[in-house]
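Thank you all for making time this morning. I would like to walk through one structure with you, going from the overall layout to a few individual residues.

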Amino acid sequence: MKTEELTTIEHLSNFLEGTQAVAFTISSDKDKRYRWLQKELVRFDYLSLNKPEKALSSAICSR
């Protein structure tokens, strides 16, 4: 599964509760990492989320 398939907070929650191990690749380019993080926060409209939803969206970014 690609993270682009996670389009709602519910999808994100289900993904994080999954039982299979997930491996992420992290770019060594700092600018590329920040662009990815910004894209993810915008995609989930981070500023409009409530506190529990922000915790979910932050969890995917910290993995």
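Following the chain from its beginning to its end, you pass through the pattern α-α-α, and the protein accordingly has 3 helices and 0 strands. Please keep in mind throughout that what you see is a predicted model, so let me start with how confident the predictor was. The average pLDDT for the protein is 79, and 79% of the residues score at least 70. Confidence is highest in helix H2, residues 30–43, where the mean is 86, and lowest in helix H3, residues 51–62, where the mean is 78. As a general caution, predicted coordinates should not be read in detail where pLDDT is low.

Two further numbers describe the protein as a whole. Of its 63 residues, 19% are buried. If we take the contacts between residues at least 6 apart in sequence, 63% of them join residues that are at least 24 apart.

Let me turn to helix H1, and ask which of its residues are buried. They are Ile9, Leu12, Ser13, Phe15 and Leu16, and when we look down the axis of H1 these buried residues fall within an arc of 160°, so they line one face of the helix. It may help to recall that an α-helix has 3.6 residues a turn, so residues three or four places apart point the same way.

What, then, does leucine 56 touch, once its neighbours within four places in sequence are left aside? Leucine 56, which lies in helix H3, is in contact with Ile9, Leu12, Ser13 and Leu16, and each of those four appears in the list of buried residues in H1 that I gave a moment ago. For serine 13 we can also give a distance, because its C-alpha atom is 6.6 Å from that of leucine 56, although the two residues are 43 apart in sequence. Leucine 56 itself is partly exposed, with a relative accessible area of 24%, because buried would require a value under 20%.

Helix H2 gives us another link to follow, since leucine 37 is located there and its C-alpha atom is 9.6 Å from that of serine 58, a residue 21 places away in sequence. Leucine 37 also counts as partly exposed, at 29% relative accessibility.

Now, is glutamate 40 buried or exposed? Glutamate 40, which is in helix H2, has a relative accessible area of 2% and is therefore buried, the cut-off being under 20%. Its side chain makes a polar contact with the side chain of arginine 43, at 2.3 Å.

Arginine 43 comes up again when we move to glutamate 4, in the segment before helix H1, which spans residues 9–16. Setting aside residues up to four places away in sequence, glutamate 4 touches Lys39 and Arg43. Between the C-alpha atoms of glutamate 4 and glutamate 40 there are 8.8 Å, with 36 residues separating the two along the chain. Whereas glutamate 40 is buried, glutamate 4 is partly exposed, at 45% relative accessible area.

Finally, I would like to point out the loop between H2 and H3, where aspartate 45 is found. The phi angle of aspartate 45 is near 50°, which is a positive value in a residue other than glycine, and at 45% relative accessibility aspartate 45 counts as partly exposed.

As for the aromatic rings, the structure holds 0 aromatic pairs, but the ring of tyrosine 46 does have the charged end of lysine 54 sitting over it, 5.2 Å from the ring centre. I will stop there and take your comments.

Methods
Residues numbered from 1 in each chain as written. Predicted model: local features only at pLDDT ≥ 70, side-chain atom pairs only at ≥ 80, totals over all residues. Heavy atoms only, no water. Helix = DSSP H or I, 4+ residues; strand = E, 2+ residues; numbered from the N terminus. Buried < 20%, exposed > 50% of the residue type's maximum accessible area, 1.4 Å probe, protein only. Contact = heavy atoms within 4.5 Å. pLDDT = per-residue confidence, 0-100. Arc of directions from axis to C-beta. Polar contact = N/O pair within 3.5 Å; in protein donor to acceptor, adjacent residues only side chain to side chain. Phe/Tyr/Trp six-rings, centres within 6.5 Å; stacked < 30°, edge-to-face > 60°. Lys NZ or Arg CZ within 6 Å of the ring centre and 35° of its normal.
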